[in-house]
There are 2 protein chains.
Amino acid sequence: MPRDLPSSLAAELSALLGPAGWRTDEAVRRAHGEDDSRQWAMPDAVALPQDAAQVAAMVRACRALRVPIVARGAGTGTAAGAVPFDGGVVVSFARMARIVSISPDDRVAVVEPGVINGDLQQALAPHGLFWPPDPSSFERCTVGGNLATNAGGPRAVKYGATRDSVLGLVAVTGAGEIVRCGGPWTKNSTGFDLTRLIVGSEGTLALIVEATLRLVPRPAQQATLRAFYRDAGAAADAVSRLMRQPQGPAMLEFIDARAINLLRRNGSDLPEAGAMLMIEADGDEDTLPLALTALGAAAEGDGLLSLDVALDGLARDRLWAARRALSPALRSIAPGKINEDVVVPVSRIPTLVAGVEALAQRARLPIVSFGHAGNGNLHVNILYHPDDADESARAQAALPQLFDLVLALGGTLSGEHGIGTAKRDYMTRAFDVPTLAAMRAVKAALDPDGILNPGKVLPAA
Amino acid sequence: MPRDLPSSLAAELSALLGPAGWRTDEAVRRAHGEDDSRQWAMPDAVALPQDAAQVAAMVRACRALRVPIVARGAGTGTAAGAVPFDGGVVVSFARMARIVSISPDDRVAVVEPGVINGDLQQALAPHGLFWPPDPSSFERCTVGGNLATNAGGPRAVKYGATRDSVLGLVAVTGAGEIVRCGGPWTKNSTGFDLTRLIVGSEGTLALIVEATLRLVPRPAQQATLRAFYRDAGAAADAVSRLMRQPQGPAMLEFIDARAINLLRRNGSDLPEAGAMLMIEADGDEDTLPLALTALGAAAEGDGLLSLDVALDGLARDRLWAARRALSPALRSIAPGKINEDVVVPVSRIPTLVAGVEALAQRARLPIVSFGHAGNGNLHVNILYHPDDADESARAQAALPQLFDLVLALGGTLSGEHGIGTAKRDYMTRAFDVPTLAAMRAVKAALDPDGILNPGKVLPAA
């Protein structure tokens with residue numbers, strides 16, 4: 001339930017941030033209250049600070065009156081992490097969107113949080129470098145949002161997710177203090193690693209105002225293998241083989257039998273199969289053929305039905321088109337979709353897929369699984385009609401069963417989307433009481449009055 | 001100043017741990033009071049627990065009486081992190097040294113902290129896997145010590161240091177609670193990253209009782225390039241070139257002019273040069289020649305004097321022999337050595353080397369720099385005669401000047417050894433007041449009574 005801001009605070013923040021940095025008109029507030037979870041709540045105001053000092057002053061002012069602050073990137077999150085359920089101030093970093101510096105010799109970029117992921121990649125390309133995180137929303141999502149959720153993407157299997165790709169931060173704690181941790185080095189044993197603690201904390205520990213990012217040399221060429229298998233077990237065995245040899249894949253995506261059938265029904269020319277892997281290799285004109293040979297050999301084995309290779313851009317696009325057609329195809333079955341980015345040990349993928357199939361039958365709902373197999377990070381999509389009360393109830397009821405299955409397999413709730421409020425109430429299943437208590441203690445250490453993104457990530461004690 | 005343990009506590013812990021797990025005889029205590037910093041203090045007792053429950057019970061008992069607990073691996077640390085300056089109980093993990101499991105399909109091992117790094121590598125070799133951290137003490141040091149200091153080694157340039165190589169932990173906080181964080185997955189956006197917070201905290205936040213380690217496929221072959229340069233600037237330019245291309249080196253070690261001259265005087269057949277790089281490539285019989293070609297091309301450039309290649313084991317041993325002869329050679333100049341593992345951005349290596357040379361002239365002491373150039377992590381060795389009071393004083397006086405130089409170059413205090421007490425008092429130069437306050441708050445959150453390794457890492461407020 002949004003509440004009104006104290007007028008003294010509104011006046012103080014309006015003076016601090018100026019008319020372009022302090023917006024209380026309803027249209028702006030309304031537009032800053034939702035994210036891709038399709039949940040929504042009305043903030044009392046939207047702040048658009050321009051520098052770290054403004055952020056720190058704002059946090060101090062809000063803290064004095066216990067007013068919530070919810071950090072927001074581009075609102076592409078799927079776990080409601082940016083939705084201001086308790087009202088208060090939504091902080092947009094749209095005016096802190098500078099690429100501060102790119103240092104090719106140190107393979108480091110310093111950026112403000114509002115930079116769009118895709119814009120950063122474009123700026124890096126002329127230097128022959130890239131930043132590993134490549135969420136599917138890269139054209140819209142911000143680096144700040146990537147940092148908040150520890151975002152990943154297909155490339156993470158070779159190059160790491162966001163937390164693996166951040167070297168340092170400047171951040172404002174819930175106490176309104178500016179902390180500076182890490183820096184432009186890839187090795188650091190100097191004090192506690194606040195950087196990786198704050199990354200993935202979804203705006204609950206500190207507001208990131210600057211990040212030093214680890215950059216990676218860009219391979220000259222890519223090629224794609226597409227492999228069809230008899231069943232998920234045969235595909236998972238191939239995943240283990242692909243990951244166990246030194247020439248690892250640059251991407252390794254899994255698509256289950258239901259997804260293949262769905263694409264076939266929607267006009268795709270995929271063959272009948274129990275599972276499909278998309279395997280990307282990268283390198284140069286000398287190394288790429290060797291990588292393809294090694295990956296192709298690892299893809300072969302019991303249960304392989306067929307293996308295609310695509311060397312040039314057009315052929316690769318054709319292979320990847322089926323993968324890209326999946327999300328629209330899901331909507332053709334049912335308008336409602338609960339997409340959970342669960343993680344299991346790679347060797348447990350077949351058991352997960354079998355368990356999801358059993359769950360689909362019990363729930364009498366289609367459930368489609370695909371995603372980042374090399375990381376054991378599958379997107380499990382429960383499809384339903386939101387207007388059908390019974391289907392909606394069955395979809396919701398399937399969710400705790402899915403998480404129980406994942407946790408029983410030694411997995412966890414989220415590989416790249418984060419917890420927000422969407423998975424918050426399952427945290428008590430993923431962690432025992434002492435571990436959640438330790439997380440709450442860390443939260444209290446950096447945000448003593450609990451004003452940063454209240455109610456997110458951690459369930460009430 | 002060690003103090004006596006309360007007799008009630010001694011009785012309780014003796015009963016808990018049994019005669020083999022609770023040692024108060026002077027010889028045992030004496031042997032557990034020093035590390036490779038060559039500092040020493042007498043603990044009041046040595047505990048050798050056998051499982052997590054014993055560790056938790058011990059911490060609770062000590063906490064009730066505010067008795068310090070100092071975790072200890074093999075005592076190979078160089079920053080006095082394991083020295084019990086305040087007395088209390090030293091905890092050895094020598095009886096928690098099991099490799100719990102190796103899962104080749106998940107590329108994961110679960111180990112207890114007392115496992116010797118080299119023993120783990122031997123157990124992994126038949127699976128074609130290794131664990132990246134390779135400190136020079138690998139034959140003696142423990143995984144627990146590697147975790148505590150975020151240890152590195154030459155291989156970190158390609159495969160990451162300890163923090164990059166840990167997926168999950170079971171640890172006992174200073175409150176005596178067992179926390180379980182992370183797990184056998186390479187992607188995780190589920191709650192706060194306590195794993196990487198505890199790694200590198202040198203036993204000040206929690207006692208690690210089990211770790212889930214990320215394993216890497218072992219390349220079949222290695223080859224070595226050795227390049228001599230006119231000066232450190234030319235070598236640093238080569239380091240940037242080597243690191244900016246996709247086929248990165250598996251090791252990339254720098255040796256400065258003083259070290260080269262020292263080795264030459266000691267009978268090595270090295271040519272005269274301003275700097276030397278040791279560049280390791282790895283791969284298989286097809287990819288290794290390509291990696292060597294790419295690295296060789298990147299090593300070439302203005303200032304390159306000569307380039308050797310060693311393909312087979314014997315030739316490689318010959319090239320690396322000079323690097324290995326360095327530490328003994330340093331002792332031939334002077335028996336005293338202050339070895340600081342500072343870090344700077346790679347592009348600042350020449351400025352660091354020039355600054356160290358100027359510092360050596362001001363201090364009238366030999367200072368020799370070498371180390372992990374690809375990470376900007378150089379070992380700066382200040383050489384002196386400990387029996388010469390004037391030399392000792394000049395060596396000590398050079399230390400703050402070295403750290404000021406490193407920090408002015410945008411670097412930091414330690415890349416792999418940790419802070420302990422050796423660098424603790426320089427932490428106020430490396431971090432501002434709010435950042436140190438945030439670290440202290442996190443310490444208080446996990447170790448509310450400050451019993452875990454008191455006085456280490458963080459200077460008094």
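**Figure 1. Pairing of strands β13 and β14 in chain A of the predicted model.** Within this pair, A:Glu253 has A:Met278 of β14(A) as its bridge partner. Strand β13 of chain A covers residues 251-256 and strand β14 of chain A covers residues 275-283; the two run antiparallel and are joined by six bridges. Strands of a sheet pair through backbone hydrogen bonds, in either the parallel or the antiparallel sense.

**Figure 2. The open seven-stranded sheet of chain A and the helix packed on it.** The strands follow the order β15-β12-β14-β13-β17-β18-β16 (chain A), and their pairing is antiparallel. At the edges lie β15 (304-310) and β16 (336-343) of chain A, each of which pairs on one side only. Neighbouring strands of this sheet are turned against each other by 15° on average, direction ignored. Helix α14 of chain A, residues 389-408, packs on the sheet and touches β16 and β18 (377-384) of chain A. The direction of α14(A) makes about 5° with that of β16(A).

**Figure 3. Packing of helices α11 and α12 of chain A.** Helix α11 (residues 313-324) and helix α12 (residues 326-333) of chain A pack at an angle of about 35°, and their axes are 5 Å apart. On the side of α11(A), the contact consists of A:Ala322, A:Arg323 and A:Arg324, which meet A:Leu326, A:Ser327 and A:Pro328 in α12(A). The residues of this contact comprise three nonpolar, one polar and two charged.

**Figure 4. The open five-stranded sheet of chain A.** This sheet has the strand order β5-β6-β10-β8-β9 (chain A), with antiparallel pairing. Strands β5 (99-103) and β9 (178-182) of chain A are the edge strands, each paired on one side only. The average turn between neighbouring strands of this sheet is 15°, direction ignored. Seven bridges link strand β8 (residues 166-173) of chain A with strand β10 (residues 206-214) of chain A, and the pairing is antiparallel. Here A:Val170 has A:Glu210 in β10(A) as its bridge partner.

**Figure 5. The hairpin of strands β8 and β9 in chain A.** β8(A) and β9(A) run antiparallel and are joined by five bridges. A:Gly168 stands opposite A:Gly182 in β9(A). Four residues lie between the strands of the hairpin, in which A:Gly176 takes a positive phi near 80°.

**Figure 6. The interface between chain B and chain A.** The size of an interface is often given as the accessible area lost when the parts come together. Between them, chain B and chain A bury about 6,400 Å², of which 59% is on carbon and sulfur atoms. B:Lys187, B:Phe192 and B:Arg244 supply 15% of the area that chain B buries against chain A, more than any other three residues. The contact takes 80 residues from each of chain B and chain A.

**Figure 7. Polar interactions and contributing elements at the contact of chain B with chain A.** Eight salt bridges are counted between the two chains. In one of them, the side chain of B:Asp432 meets that of A:Arg180 at 3.7 Å, N to O. The count of residue pairs in polar contact, both at pLDDT 80 or more, is 36. Elements of chain B that give two or more residues to the side touching chain A are β9 (178-182), α7 (194-198), α8 (232-244), α10 (287-299) and α16 (433-446). The most is given by α16(B), with nine residues. The residues on this side of chain B divide into 33 nonpolar, 30 polar and 17 charged.

Definitions and conventions. Residues numbered from 1 in each chain as written. Chains lettered and ligands numbered in written order. Predicted model: local features only at pLDDT ≥ 70, side-chain atom pairs only at ≥ 80, totals over all residues. Heavy atoms only, no water. Pairing = 2+ DSSP bridges. Axes fitted to C-alpha atoms, helices over the stretch in contact; angles between N-to-C directions. Contact = heavy atoms within 4.5 Å. Nonpolar A, V, L, I, M, F, W, Y, C, P; charged D, E, K, R; others polar. Buried area = accessible area lost by both parts, 1.4 Å probe. Salt bridge = Lys/Arg side-chain N within 4 Å of Asp/Glu carboxyl O. Polar contact = N/O pair within 3.5 Å; in protein donor to acceptor, adjacent residues only side chain to side chain.
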